[in-house]
Each structure stands twice: as structure tokens, then as C-alpha cells.
Amino acid sequence: MLQKQKKQRWQLGVKRVAVGFLISIPLFPVPLSCSSRTGQSSSRENTNSSQQDNTGCAPKVDIMFMKTHKTASSTFINILLRFGEKHNLKFAFPNSRNDFYYPSSFQRTYVQGYQSGRCFNIMCNHMRFNAPEVAKVLPRDTFYTTILRDPAELFESSFHYFGHVVPLTWWIPGEDKMAKFLRDPKQYFSPGGFSSFYLKNLLFFDFGQDNTLDADDQRVEDSFRVIAERFDLVMLMEHFEESLILLKDALCWEMDDILFFKLNSRMKSTVPKLTPELREKALQWNSIDWKLYKHFNLTFWEKVEAYGRKQMEDDVEELRRRNAELVKICIEGGHSVEAGSIHDAAMQPWQPVGEKSIEGYNLNRNVDKAYEELCRKMLTPEIQYLTDLGVNLWLTKLWGHVRKIIKW
């Protein structure tokens, strides 16, 4: 009997050790880095000089961009896609559509071709952020970045772009639906309403948080702290060039890597100027996003000060000059055009439901052969670029065909 008890205790001890061993091993191991240049330095101290692009470090290639809505993120994703192609990097793309099943919380299984321990360098499609699941896909040395926008302007843009897919807005009377909504939002908003998240604290929602919390709730401040700890750089749309210079410095990129054209932008005639009254109401309604923006606006300018104001001014001027040169080389007429005036179907941007308000570009007919490929890539809208990279977008394309049939 005593011998039997000893045997049972020994078996129990073995089981506990085995369980403890299994728990201590990461269930979904990821490599430290997916860079083929791990022997080289992948980061640097601020050099404060765009003239030192190629000295002292190798470009960092493991990057997570949390793509927020209506924040110039389509322009930034074009930069990442071009960088990834240039360095032959592996993207963690979604499967069947152009986002990671947004607004569902991100799961690693949403990644096309995901396998535990497989190397992915860049993740940049829309998602509802879920930090633990993202960490199971990307290397441990991944650089996390995202972009914010003034919440009042973001709300106006979101209301215009997504309003048609939020049923509760369909019953708002009058032509100026947004003004009517902001003057009595609770009448036209329900937390559980279909797609209602687009119209309240959308930035906070994109970060995976509860967008209906009271702005003074302690969980809001706790969330800010977690975001600050996770993200290495929070960029600002209103200071896009300065954001790119900070990014270039942090990642040891070159000025060539951050050249851009504005993509997915609206015709100016469709963008109403918010009155002071409506701006105040928009900030009040999106009070968490406003607190979030102010928090990271402060940290952003601290980074600019550390970089050097004068050096930042010089580098921004250089970036703008380089972009202006490419506008002359690449873009017919040197400006964007309405969707109906775009000659090449491959250059047609995705439009909001029921609208054709997003502008695009025509490639110069006699573009210099040395610049033709770069120009085409810089002007290619996101959906077409993803298709060119082999992303499976059958659901997105099916929705596009349905919209054409019903003329929506």
C-alpha cells in the first residue's frame, strides 16, 4: 500500500513537472528577428542628418503598422509596400480580403499562410488591434508604429466615408446629416448598432478598446499607457512629413524610402469646413480620441525636440523638394483628378458607398523610362497594389462587383 502511494506521488510529480515545462515554453514561438542582417546594427542613435542615410547601421525591416482609418494610412501603406518589395521582405497579409476581418479582434489565423514560428517582416493592413495575437506573428524585435488624426476632422471624414453603411444615420432628416447628428448624437447612435463604431472614438476602437467608455474612466488612461509601451512611434497626420523623418531616423532608412504622393484623398469640394460649434461638438462626442490625440501629440513633439527643430525643418524641406520633383516627372498635369477623369482602370481608387469623391492620378504619358516603375508604384491604389503582390482579395473584389451591379 505504501509502495503504491509512493508510486502515485511520483507520477503526480512527473505530471506537474511536465505541465510546468509546457507552460514555460511559448505556445507560438516567434523568432527574435526576421532580418537577414541580424549581425549588423539595426538601429542607431539620432544622427540628426539626412546626409547620413547610408552610414552606421542597416535598415530595420521588421515593422508593424497599425493602420487606423481616415488618417493618411493608405499613403503610408504605399511606402511600406514599396520598401518591402525593394528589400524582398515577407508580408503578413490577410486572406480573401484587404483587411484582417475588421471589425473583429485580430487573430493570428487571419494571416494568409500563417504557421507557428514562420518569419514575417511587415504587417500593415487594417485590423482591430490585438497585441498578444499580433506578437505571435511578428518577430520580437518588430518596430511598432501607427498614425493619429485630429478627432474632429477624422469624425467628419469617417461620417462622409462610412455613413452609408451605418443604418442609424439613414433616418437623419435634412441634407446636413452630420450637423444634425452632432447636435443630438444619442438620438442617432446605439453602441450595438451595425457599424456604429465608425462614428464614435474610432481611433480608440481601432486600438482594440471599448469606444463607449466614459473619457474619465480609469481604463482609458490605462489603455494610453499600454499603447505608449507597445508603440515605438505614434505619427500624426497633420505633421505627416515630420512623422516620416522621425520614422526614417528610427529605422535607419533613406530619404528615397519615404517619398510619397497623397493617396485615397477626397476632392476638396466634398470636404466641408467644420464650424467652431461643430468642431467642439465633434471633439466632445469623440472625447476619448481627443484625449488620446493630445497625449501623443505631446510625446510626438518631444521626439521632434530630441531630433532637433532646425534639422527637422531642413529634412522636411528636402523631402518636399524631392516629392515635388517626382510630381513633375510622374503625374500628368501635376495634380490629382476626379475618378471619372482617370484613364487607366488600374489607377482607379476604391470609392465610398454611393459616392465618387476619392481622387486619383494619371501617369504621365511620356514618363522617363528610368522613373516609370517607381512612378507607377507610387500612384497605384492600395487594392491594386495588394493584388499585384499576390494577395487573395476575392471577397473584396466580389463586393466591388456587387456594388457595380446595384450601382451603389
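**Helices, core and rings**

Biologist: Which residue takes a positive phi just after H11?
Modeller: Gly308, with a phi of about 115°. Keep in mind that this is a predicted model.

Biologist: How many residues has H11, and how far does H11 reach?
Modeller: H11 has 21 residues. From first C-alpha to last, H11 reaches 30 Å, close to the 30 Å expected at 1.5 Å a residue.

Biologist: Which H11 residues are buried?
Modeller: Ile288, Asp289, Leu292, Tyr293, Phe296, Phe300, Trp301, Val304 and Tyr307.

Biologist: Now the core. Which residues touch the most other members of the largest nonpolar core?
Modeller: Met123 and Phe181, out of 113 residues in that core. Helix H11, residues 287-307, gives the most to this core, with 8 residues.

Biologist: What is Phe181 in contact with, leaving aside its neighbours within four places in sequence?
Modeller: Three are Phe: Phe155, Phe159 and Phe189. The others are Ile172, Tyr188, Leu199 and Trp285.

Biologist: Trp285, then. What lies over the face of Trp285?
Modeller: Lys200, at 3.7 Å from the ring centre. There is also an arginine case: Arg230 lies over the face of Tyr144, at 3.7 Å from the ring centre.

Biologist: Switching to H9. Is H9 mostly covered or mostly uncovered?
Modeller: Mostly covered. Of its 12 residues, 11 are buried. Charged ones are on the buried list too, including Glu241, Glu242, Lys248 and Asp249.

Biologist: What do the buried residues of H9 pack against?
Modeller: Three strands: E1 (63-66), E3 (143-148) and E4 (233-236). Also helices H2 (73-86), H11 and H12 (309-330).

Biologist: How far does H9 reach, and what comes just after H9?
Modeller: H9, residues 240-251, reaches 16 Å from first C-alpha to last, close to the 16 Å expected. Just after H9, Cys252 takes a positive phi of about 60°.

Biologist: Back to rings. How many aromatic pairs does the structure hold?
Modeller: It holds 28. Take Tyr102 and Phe205: their ring centres are 6.1 Å apart and their planes are at 85°, so the pair is edge-to-face.

Biologist: Where do Tyr102 and Phe205 lie?
Modeller: Tyr102 is in the loop between H2 and strand E2 (122-123), and Phe205 is in helix H7 (residues 202-206), so the pair ties together parts 103 residues apart in sequence.

Biologist: Are Tyr102 and Phe205 buried or exposed?
Modeller: Both are buried.

Biologist: Which residues form one aromatic cluster with Tyr102 and Phe205?
Modeller: Tyr161, Phe162, Phe197 and Tyr198.

Definitions and conventions. Residues are numbered from 1 along each chain as its sequence is written. This is a predicted model: local features need pLDDT of at least 70, side-chain atom pairs count only at pLDDT 80 or more; totals for chains, interfaces and linings use all residues. Side-chain values use heavy atoms; hydrogens and water are left out. A nonpolar core is a set of buried Ala, Val, Leu, Ile, Met, Phe, Trp, Tyr and Cys residues joined through side-chain atoms within 4.5 Å. Buried means under 20% relative accessible area, exposed over 50%, partly exposed in between (1.4 Å probe, protein chains only). Helices (H or I, at least four residues) and strands (E, at least two) are DSSP runs, numbered from the N terminus. Contact means heavy atoms within 4.5 Å. The expected span of a helix is 1.5 Å times one less than its number of residues. Rings of Phe, Tyr and Trp (its six-membered ring) pair if their centres lie within 6.5 Å; planes under 30 degrees apart count as stacked, over 60 as edge-to-face and the rest as tilted. A charge sits over a ring if NZ of Lys or CZ of Arg is within 6 Å of the ring centre and within 35 degrees of the ring normal.
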